[in-house]
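Grab a coffee and open the viewer. Here are some short exercises, each with a solution you can follow step by step.

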Amino acid sequence: MRAFFSALTVVMWSLYLYLLLPLATLIAWYVGFSAVYEEMVMRRGWEALVQLLGWYSLIILLIGLAQVGWASTNWARFKGKRDRRRLSERQVDMDADHMFVAGLDRHASWQDAKRLVVHHHYTESKIAAVEVG
């Protein structure tokens, strides 16, 4: 789904940039490029532009509606999820005996220590010893 939505975003931006080409042409004409002047004025290119303005307006409207629809869908999909996640209680398993080879006899001193050195067991995936340092 992530790849599909990324591709859809690229397509939408490409269409949007394609629709901005007449604006780029107008800016280039204002700057003074003679090819733009020759195409738009001398060869009556503005007549074709006027005919296409209706289609351009329709396409811009459709793209805008698609973006608003996309945003509305995401808003409805994710509305309140952050709040629901914060309200749910999390259960934490405080039984740590299964993680240690040795016992938890000095557990209280570990909580107050600023530095702990943890030694792992060589064959098992458990903690062999803890030094308060």
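**Exercise 1: A valine in a strand**

Val 117 sits in strand β1, which covers residues 116-120. Keep in mind that what you are looking at is a predicted model.

Task: Work out whether Val 117 is buried, partly exposed or exposed, and how far Val 117 lies from Val 132 in sequence and in space.

Solution:
- Step 1. Start with the relative accessible area of Val 117, which is 23%.
- Step 2. Buried means under 20% and exposed means over 50%, so Val 117 counts as partly exposed.
- Step 3. Now look at the pair: Val 117 and Val 132 are 15 residues apart in sequence, with 6.5 Å from C-alpha to C-alpha.

**Exercise 2: A phenylalanine in a loop**

Task: Find where Phe 100 is in the chain, then decide if this residue is buried or exposed.

Solution:
- Step 1. Phe 100 belongs to the loop that runs between α5 (81-87) and α6 (107-112).
- Step 2. The relative accessible area of Phe 100 is 13%, so this residue is buried.
- Step 3. For a distance check, take His 121: Phe 100 and His 121 are 21 residues apart in sequence, and their C-alpha atoms are 9.0 Å apart.
- Step 4. For context, 9% of the 133 residues of the protein chain count as buried.

**Exercise 3: The overall layout**

Task: Say how many helices and strands the protein chain has, and which pattern they follow along the sequence.

Solution:
- Step 1. Count the elements: you get 6 helices and 2 strands.
- Step 2. Read along the sequence and write the pattern down as α-α-α-α-α-α-β-β.

**Exercise 4: The nonpolar patch**

Task: Work out which helices supply the nonpolar patch on the surface, and check how Leu 17 fits in.

Solution:
- Step 1. List the members: Trp 13, Tyr 16, Leu 17, Leu 20, Leu 23, Leu 26, Ile 27, Trp 29, Tyr 30 and Val 31. Together they have about 1100 Å² of accessible area.
- Step 2. Sort them by element: α1 (2-19) and α2 (21-31) each give at least two residues to the patch. The largest share comes from α2, with 6 residues.
- Step 3. Zoom in on Leu 17, which is located in helix α1. Its relative accessibility is 52%, so Leu 17 counts as exposed.

**Exercise 5: The second largest pocket**

Task: Describe the lining of the second largest pocket: which residues form it, and how do they divide into nonpolar, polar and charged?

Solution:
- Step 1. Note the volume, about 180 Å³.
- Step 2. Pick out the lining: Phe 5, Leu 8, Thr 9, Met 12, Trp 13, Ala 66, Gln 67 and Trp 70.
- Step 3. Assign them to elements: α1 and α4 (45-78) each supply at least two of these residues, and α1 gives the most, with 5 residues.
- Step 4. Classify the side chains: 6 are nonpolar, 2 are polar and none is charged.

**Exercise 6: The salt bridge**

Task: Which residue forms a salt bridge with Lys 126, and are the two partners buried, partly exposed or exposed?

Solution:
- Step 1. The structure holds 1 salt bridge, and the partner of Lys 126 is Glu 124.
- Step 2. Their closest N and O atoms are 3.9 Å apart, and the cut-off is within 4 Å.
- Step 3. Lys 126 has 29% relative accessibility, so Lys 126 is partly exposed. Glu 124, at 41%, is partly exposed as well.

Note on methods:
Residues numbered from 1 in each chain as written. Predicted model: local features only at pLDDT ≥ 70, side-chain atom pairs only at ≥ 80, totals over all residues. Heavy atoms only, no water. Patch = residues over 30% accessible without salt bridge, like charges linked within 9 Å, V, L, I, M, F, W, Y side chains within 5 Å. Areas by Shrake-Rupley, 256 points an atom, 1.4 Å probe, with all protein chains shown as cover. Salt bridge = Lys/Arg side-chain N within 4 Å of Asp/Glu carboxyl O. Helix = DSSP H or I, 4+ residues; strand = E, 2+ residues; numbered from the N terminus. Buried < 20%, exposed > 50% of the residue type's maximum accessible area, 1.4 Å probe, protein only. 1 Å grid on protein atoms, 1.4 Å probe; cavity = no way out; pocket = protein on both sides within 12 Å on 5 of 7 lines; lining within 4 Å. Points joined across faces, edges and corners; volume = space filled by probe spheres on them. Nonpolar A, V, L, I, M, F, W, Y, C, P; charged D, E, K, R; others polar.
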